[in-house]
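Reader: I have a model open and would like to go through it with you. Can we start with the overall picture and then go to single residues?

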Amino acid sequence: MIKIAVLGYGTIGSGVVEVLERNCEHIAQTAGEEIAVKYVLDLRDFPNDPIQEKIVHDYKVIEQDPEVKVVVEAMGGVEPAYTFVKGALLAGKHVTTSNKALVAKHGAELLAIAKERELNFLFEASVGGGIPIIRPLVTSLTADVVEEITGILNGTTNYMLTKMSAEGSDYHEVLKDAQEKGYAEADPTADVEGFDACRKIAILTSLVCGKTVDFEEIHTEGISKITPIDIAYAKAMGRSIKLLATSKLSDGKYYAMVAPFMLGAEHPLYNVNDVFNAIFVHGNMLGDAMFYGSGAGKLPTASAVAADIVDIVKHLNRNIMISYSGEKMELLDIKKAENRYFVRAKSDEKKVREVFENIAFIKIKEVLDEVAFVTAEMSEETYLKKAEELGDIIQMIRVN
C-alpha cells in the first residue's frame, strides 16, 4: 500500500480525496498498488468530516514520515506551497500539484530536483484542469516540432463571454452572475485580466521549447473592457469573442500573448462555450489537434491530479522525463506578430481610408456615432503607428 499526503483540504484537495475513495478499486488495479491518504494538512479542523482523523496542522509531520511516498499539493499560491513542495522533494517524496502559479514560477527548479533524485514532480492539472494536455505534449508529440499552441484556458472568462453573447449583458452583470455561481472569485482579477491564462501558456510554452518562459514577459490583456457593443459587432460579422492564450513559433523562437480575439466559425475554438476549455495544438508533422473538456472544477481537476498519483506509483523508482531548463527563453517581441484588427473609432470613413489600406467597414444599427472596420493583416508595430495617427480609438480586438 502506498501512503500519500494531501496539502490543503479546499476544493481541489477534498476532490482528490473523494476521487481516491470513490474509484479506489479501479485506481489500485491501474496503479498496481492500493493508494491510501495518511495525512491531510490544513490550518482548519473538520469535526463533522471523517477526514478529521487524518488532519495535521504541522507540515513537518508529513515531511519527516518515511511512510509517505507521494505528496499532493493543493494549497494554491506560491508560498508556502513552494517551500513545502521543495522540502518534500528533498526529503525523497514524489509530488503532484494543480498549482499553475507555483509551476510557472518555480517549475524548472522543482523538475531539476526531482530528476536529480530519481523522483517525480508532475503537474498535469495545472494547465487544463481535467483536460489532459501536458502528458500528450511530453509523450505523444515528442517527434513533432510544436509550432502553435492556442487555447481557451480560463473557464470563468469563457463563461462570461458566452453569457454576454447570449444575453447581451454587460461585463459587470455577468461578473456578478459568475461570482454567484462560484465560477469567479470575490477578487476576480487573475481570471478577468488574463493572468491565470498567462501562467498556463507560459507553462505549455516552456514544455515545448525546453526553456523557462517568464510569464511576466507575456503580453497580457483581459476581458474587462469588452462591451455589449463589441459583442454586437462580432455577431454582425459572424464571429465570437474569446480570450485566447497563444504561443507561436517564428524563426526558431516563440512569441506568446493573452488577449481577446474575434474568431470566425471556421476556427476550431469558435464553438467552445460556457465554462469549457479547449487547447489547439499544431505540430509540424501531426498538423492540427484539439483537446477539449472541463478546464476547471473540483472533480475534473482532482481526476487529473489522481492520474498523476497513479503515474507516480507506477514509477516510484524512476524519473518520468518531463523537464525544461532554468535557462530563460527570450520571447520574440509581440510587436512583430501579424494580425488583423477590428477597430472602433470616433473618426470618419475618409480619414480611416487615409490611414489604413484594404479595410472593411462594419455597420450595425445599434451604433451611429462611430466608425468600425477590420484592417488587413499587419504587424502589431504597424497597427500601433496607424492607430496613433488616426487617434480617437475606442476599441481594438484582434481578428483570427
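Author: What follows goes from the whole chain to its sheet, a few helices, salt bridges and one surface patch.
Author: This is a predicted model, so to speak of local features pLDDT of at least 70 is needed, side-chain atom pairs count only at pLDDT 80 or more, and totals for chains, interfaces and linings use all residues. Residues are numbered from 1 along each chain as its sequence is written, and side-chain values use heavy atoms, with hydrogens and water left out.

Reader: How many helices and strands are there in the protein?
Author: The protein has 15 helices and 17 strands. Both are DSSP runs numbered from the N terminus: helices are H or I with at least four residues, strands E with at least two. The radius of gyration is 23 Å, close to the 21 Å that the globule rule gives for 400 residues, so the protein is as compact as a globular protein of that length. That radius is taken over C-alpha atoms, and the rule is 2.2 Å times the number of residues to the power 0.38.

Reader: What does the C-alpha trace span along its principal axes?
Author: About 75 × 45 × 30 Å.

Reader: And what share of the residues is buried?
Author: Buried residues are 55% of the 400. Buried means under 20% relative accessible area, exposed means over 50%, and partly exposed is in between (1.4 Å probe, protein chains only). The accessible surface of the protein is about 17600 Å², and carbon and sulfur atoms hold 49% of that. Areas come from the Shrake-Rupley method with a 1.4 Å probe; for residues, only the protein chains shown count as cover.

Reader: On to the sheet. What is the order of the 6 strands, and is the pairing parallel or antiparallel?
Author: The order is 3-2-1-4-5-6, in an open sheet with parallel pairing. Strand 3 (55–56) and strand 6 (121–122) stand at the edges with a single partner strand each, so one side of each has no neighbour in the sheet. Two strands pair if DSSP finds at least two bridges between them.

Reader: How many bridges join strand 2 to strand 3?
Author: 2 bridges join strand 2 (residues 35–41) to strand 3. Val40 has Ile55 in strand 3 as its bridge partner.

Reader: Helix 4 next. Why call it largely enclosed?
Author: Because 7 of the 10 residues of helix 4 (residues 81–90) are buried, the rest of the structure largely encloses it. Tyr82, Phe84 and Leu89 are among them. Gly92 follows helix 4 and has a positive phi, near 90 degrees.

Reader: What does His106 contact, leaving aside neighbours within four places in sequence?
Author: His106 is in contact with Val78 and Tyr82, where contact means heavy atoms within 4.5 Å. His106 lies in helix 5 (residues 100–116) and counts as buried at 15% relative accessibility.

Reader: Gly13: buried or exposed?
Author: Gly13 is buried, with a relative accessible area of 0%. Its place is in helix 1. Apart from neighbours within four places in sequence, Gly13 contacts Val6, Gly8 and Ala74.

Reader: Salt bridges. How many does the structure hold?
Author: It holds 28. A salt bridge is a side-chain nitrogen of Lys or Arg within 4 Å of a carboxyl oxygen of Asp or Glu. One of them joins the side chains of Lys298 and Glu18 (3.6 Å, N to O). That pair links distant parts of the chain, with Lys298 in helix 13 (residues 298–314) and Glu18 in helix 1 (residues 11–22), 280 residues apart. Lys298 is partly exposed at 33% relative accessible area, and Glu18 is partly exposed at 24%.

Reader: What about Arg344 and Glu370: buried or exposed?
Author: Both are buried. Their side chains meet in a salt bridge at 2.6 Å, N to O.

Reader: Which residues are linked in a network?
Author: Lys3, Lys38, Asp65 and Glu67 are linked in a network of salt bridges.

Reader: Last one. Which residues form a nonpolar patch on the surface?
Author: Phe276, Met290 and Tyr292, with about 270 Å² of accessible area together. Patches are made of residues with over 30% relative accessible area and no salt bridge; like charges are joined within 9 Å, nonpolar side chains (Val, Leu, Ile, Met, Phe, Trp, Tyr) within 5 Å. Met290 is in strand 12 (residues 287–294) and is partly exposed at 35%.
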